[in-house]
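The following exercises ask you to reason from a chain and its coordinates, one step at a time. Try each task before you read the solution beneath it.

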Amino acid sequence: QVQLVESGGGLVQAGGSLRLSCTVSGRTFRNYDISWFRQAPGTEREFVAYISRSEDTTEYAGSVKGRFTISRDNNKNTVYLQLNSLKPEDTAVYYCAALTGRYYLMRGEYNYWGQGTQVTVSS
């Protein structure tokens with residue numbers, strides 16, 4: 001069993017920053033690649049960022065490149081998503097997920113999801 005819990009969301013003005021955290025339970029944290037997804041009202045859940053289990057690979061959606069940074073601390077069983085230069089378009093519920101398949105861009109390849117944390121960016 002793998003459980004994930006997100007935190008760090010909130011209300012911020014455009015141009016501001018937030019740091020989201022995803023804490024993963026168990027002793028197998030290092031076995032999983034972790035991704036962040038987000039979902040705005042009326043939209044499909046979309047991929048945001050990915051980090052491999054060994055930290056040697058990261059990937060980002062084009063809409064967040066240069067503004068968001070994903071990192072992980074395996075000693076704390078935690079993955080972070082640093083959100084900088086936030087825009088109103090970034091408003092969404094942000095979810096972290098543990099990859100159990102092969103294709104990190106596909107939601108169906110993740111069996112374990114957190115409950116999400118709300119990020120709201122005002123104009």
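**Exercise 1.** Locate S35 in the predicted model, decide whether S35 counts as buried or exposed, and describe its surroundings.

*Solution.* Begin with the secondary structure, where S35 falls within strand β4, a run that covers residues 34-39. Next take the accessibility: the relative value for S35 is 0%, and because buried means under 20%, S35 is classed as buried. Then look for a polar partner, which turns out to be Y110, since the side chains of S35 and Y110 are joined by a polar contact of 2.7 Å. Finally, set aside the neighbours within four places in sequence, and S35 is found in contact with F47, A49, Y50, Y95, C96, A97, Y104 and Y110.

**Exercise 2.** Work out how many residues the largest nonpolar core has, and which strand supplies the largest share of this core.

*Solution.* The largest nonpolar core has 35 residues, and those with the most contacts inside it are I34, W36, L81 and Y94. Assigning the core to strands shows that β3 (18-24), β4, β5 (46-51), β7 (68-73), β8 (78-83), β9 (92-99) and β11 (117-122) each supply at least two of its residues. The largest share, six residues, comes from β9. As a last step, examine Y94, whose contacts, when residues up to four places away in sequence are not counted, include L20, W36, F37, V48, F68, L81 and V119, as well as E6, R38, G116 and T117.

**Exercise 3.** Count the salt bridges in the whole structure, and characterise the one that joins D33 and R53.

*Solution.* Recall the general principle that side chains of opposite charge can pair when their charged atoms come close. A search of the whole structure yields five salt bridges. In one of them the side chains of D33 and R53 meet, with an N to O distance of 3.0 Å. This pair links distant parts of the chain, as D33 sits in the loop between β3 and β4 while R53 sits in the loop between β5 and β6 (58-60), 20 residues apart. The two partners are then classified by relative accessible area: D33 is buried at 8%, whereas R53 is partly exposed at 40%.

**Exercise 4.** Determine which residues are linked with R38 in a network of salt bridges.

*Solution.* Take the pair E46 and R38, whose side chains meet in a salt bridge of 2.7 Å, N to O. Here E46 counts as partly exposed, with 36% relative accessibility, while R38 is buried at 5%. Continue with R67 and D90, whose side chains also meet in a salt bridge of 2.7 Å, N to O. Because R67 lies in the loop between β6 and β7 and D90 in the loop between β8 and β9, this pair ties together parts that are 23 residues apart in sequence. Both R67 and D90 are buried. The final step joins the pieces, for R38, E46, R67 and D90 are linked in a network of salt bridges.

**Exercise 5.** Find the disulfide formed by C22 and C96 and give the distance between their sulfur atoms, then state its handedness.

*Solution.* The count comes to one disulfide, formed by C22 and C96 with their sulfur atoms 2.0 Å apart. The torsion about the S-S bond is about 75 degrees, so the disulfide is right-handed. Distant parts of the chain are linked by this pair, with C22 in strand β3 and C96 in strand β9, 74 residues apart. As for accessibility, both C22 and C96 are buried.

Methods. Residues are numbered from 1 along each chain as its sequence is written. This is a predicted model: local features need pLDDT of at least 70, side-chain atom pairs count only at pLDDT 80 or more; totals for chains, interfaces and linings use all residues. Side-chain values use heavy atoms; hydrogens and water are left out. Helices (H or I, at least four residues) and strands (E, at least two) are DSSP runs, numbered from the N terminus. Buried means under 20% relative accessible area, exposed over 50%, partly exposed in between (1.4 Å probe, protein chains only). A polar contact is a pair of N or O atoms within 3.5 Å; within protein, one must be able to donate a hydrogen and the other to accept it, and residues adjacent in sequence count only if both atoms are side-chain atoms. Contact means heavy atoms within 4.5 Å. A nonpolar core is a set of buried Ala, Val, Leu, Ile, Met, Phe, Trp, Tyr and Cys residues joined through side-chain atoms within 4.5 Å. A salt bridge is a side-chain nitrogen of Lys or Arg within 4 Å of a carboxyl oxygen of Asp or Glu. A disulfide is a pair of cysteine sulfur atoms within 2.5 Å.
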